[in-house]
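Reader: I should like a close look at the aromatic ring pairs of this chain. Please set out how the rings are arranged and how far they are covered.

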Amino acid sequence: MLKEDYYQALEMESPIREVVYENIEIREFPLTGVDFQQVTFRDCRFEKCDLTGVCFYNVTMENCNFGESIFTKTYFRDCRVIDCVGDSAYFDEAIFRHTIVEGGSYVYANFSKTKWENCRIKDSQMTSSFFNETAMKKMKFEKVDLKEADFFKTRLKDMDMSSCNIERIKVSDNFSELVGMKISPAQTMDLALVLGVKIV
């Protein structure tokens with residue numbers, strides 16, 4: 001059904017609107033050139049699919065698996081991504097606005113050079129993910145596992161990470177990314193290790 005809708009939207013040069021897709025499995029299929037509006041994906045699997053440059057407006061993704069798929073330069077606005085798997089997926093240079101990512105796993109996912117505005121990531125597994133050169137405005141991380149995540153050249157000032165796992169996060173040699181970041185007293189040990197401080 002999705003493939004048929006995609007080809008039709010591509011031919012008509014129109015977005016795919018107000019559709020619910022459930023239990024769909026697609027492998028190595030390009031979905032570029034078409035936007036999605038008020039669409040729900042539930043229990044769907046996108047294996048190594050290319051969604052470069054796609055725009056998602058008011059879209060819900062629930063219990064979906066899009067690991068290793070490409071979302072480079074995609075645009076998410078007013079979206080909800082709930083309990084999904086995006087391990088090793090590419091979101092580099094994507095833009096997220098008024099979007100919620102809750103639950104799910106994004107291990108080794110690439111969020112480099114992304115832009116986030118009025119978004120929230122909650123209860124998600126993001127170990128060893130990449131947030132290099134990322135811009136964040138009114139962004140919230142809540143109970144996110146960011147162990148060994150890479151924040152190279154990403155400004156974390158005023159970012160409340162007090163409920164997150166920030167063990168061995170990666171930053172630049174001058175540690176400028178960490179200036180002004182909010183942490184809990186228990187996290188001082190984690191940052192001490194990042195800074196190379198030895199606790200005796």
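Author: The account below treats the aromatic pairs and the elements that carry them. The model is predicted, so that local features need pLDDT of at least 70 and side-chain atom pairs count only at pLDDT 80 or more, while totals for chains, interfaces and linings use all residues. Residues are numbered from 1 along each chain as its sequence is written, and side-chain values use heavy atoms, leaving out hydrogens and water.

The chain has two helices and 14 strands, taken as DSSP runs (helices H or I of at least four residues, strands E of at least two) numbered from the N terminus. Rings of Phe, Tyr and Trp (its six-membered ring) pair if their centres lie within 6.5 Å; planes under 30 degrees apart count as stacked, over 60 as edge-to-face and the rest as tilted. By this rule there are 25 aromatic pairs.

One of them joins Y57 and Y75: the ring centres are 5.7 Å apart and the planes stand at 55°, so the pair is tilted. It links distant parts of the chain, with Y57 in strand β7 (residues 55–57) and Y75 in strand β9 (residues 75–77), 18 residues apart. Y57 is partly exposed at 31% relative accessibility, whereas Y75 is buried at 16%; buried means under 20% relative accessible area, exposed over 50%, and partly exposed in between (1.4 Å probe, protein chains only).

The rings of F96 and W116 have their centres 3.9 Å apart and their planes at 5°, so this pair is stacked. F96 in strand β11 (residues 95–97) and W116 in strand β13 (residues 115–122) are 20 residues apart, and the pair again links distant parts of the chain. F96 is buried at 3% relative accessibility, and W116 is buried at 2%.
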